[in-house]
Amino acid sequence: MKKQEMASIEQRTQAVRDALLEQGLVTASDLDTFAHMPEDWKPENGAAVVARAWTDPDFCRRLLADATAACAELGYKGPQGEYIVALEDTPAQHNVIVCTQCSCTAWPVLGLPPDWYKSPEYRARVVREPRRVLKEMGLNLSPDIGVRVWETSAETRYMVIPLRPAGTEGFSEEALAALVSREALIGVAMASEPA
Ligand code: FE
């Protein structure tokens, strides 16, 4: 039997693309959006949203009332961001996000999920023993702080508004945003203390 030559990755990609378009499963504009996804959708967007919320109480109110619309005000919208809900940490209540089913995140403000977020271990354990998992990830919460675990899903995508660190009075939005990591937006870390 003659060994069949495999088509190049470009040829195979083109074949999948053509088939999806032919079947009407996606539009050309969908494909264009997804092609630019990695550059446009990143946790720096969510960090900018948090920094604005920390400095603008009116924006914070709008964010808590309708995060989809508030994020769109800053230009962060798109697929997997059609229904974003912002969760505000308080000194008494910490929030953490998981998708137990798979790996859903609010793409426009969090970007694609990191590997640890997709791991079966995180997905199973953070629900059962959140304090222990957070501690293992470097976030040791005192027992008097409540922990609430939120199940993000295909429909609802959460983002956490972490507590604003002390000693950041007078910081610019840009400087504040630099303190907010992807981990803080998911709730497995606090916003960083200023250097
Ligand atoms: Fe998921």
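In this predicted model, helices α4 and α5 meet through a defined set of residues. V49, R52, A53 and T55 of α4 contact P57, F59, C60 and L63 of α5. Helix α4 covers residues 43–55, and helix α5 covers residues 57–65. Two packed helices are described by the angle between their axes and by the distance between those axes. For α4 and α5, the angle is about 125 degrees. Their axes lie 5 Å apart. The angle falls between 115 and 145 degrees, so α4 is oblique to α5. The crossing of these two helices is left-handed.

Helix α6 spans residues 67–73 and contains T68. The relative accessibility of T68 is 19%. The cut-off for burial is under 20%, so T68 counts as buried. Leaving aside residues up to four places away in sequence, T68 touches G81, E82, Y83 and I84. With I84 there is also a polar contact. A polar atom of the T68 side chain lies 2.8 Å from the backbone nitrogen of I84.

An iron ion is bound further along the chain. C99, C102 and C104 each coordinate the ion through SG. The backbone also takes part: S103 and C104 each supply N. Distances to the iron run from 2.2 to 2.7 Å. Along the chain, the donors follow the spacing C-x2-C-S-C. Two of the coordinating residues can be set side by side for exposure. C99 has a relative accessible area of 0% and is therefore buried. S103, at 23%, is partly exposed.

Note on methods
Residues numbered from 1 in each chain as written. Predicted model: local features only at pLDDT ≥ 70, side-chain atom pairs only at ≥ 80, totals over all residues. Heavy atoms only, no water. Helix = DSSP H or I, 4+ residues; strand = E, 2+ residues; numbered from the N terminus. Buried < 20%, exposed > 50% of the residue type's maximum accessible area, 1.4 Å probe, protein only. Polar contact = N/O pair within 3.5 Å; in protein donor to acceptor, adjacent residues only side chain to side chain. Contact = heavy atoms within 4.5 Å. Donors = N, O, S within 2.8 Å, 3.2 Å for Na, K, Ca; no water. Axes fitted to C-alpha atoms, helices over the stretch in contact; angles between N-to-C directions. Parallel < 35°, antiparallel > 145°, perpendicular 65-115°, else oblique. Left-handed = near helix turned anticlockwise from the far one by under 90°.
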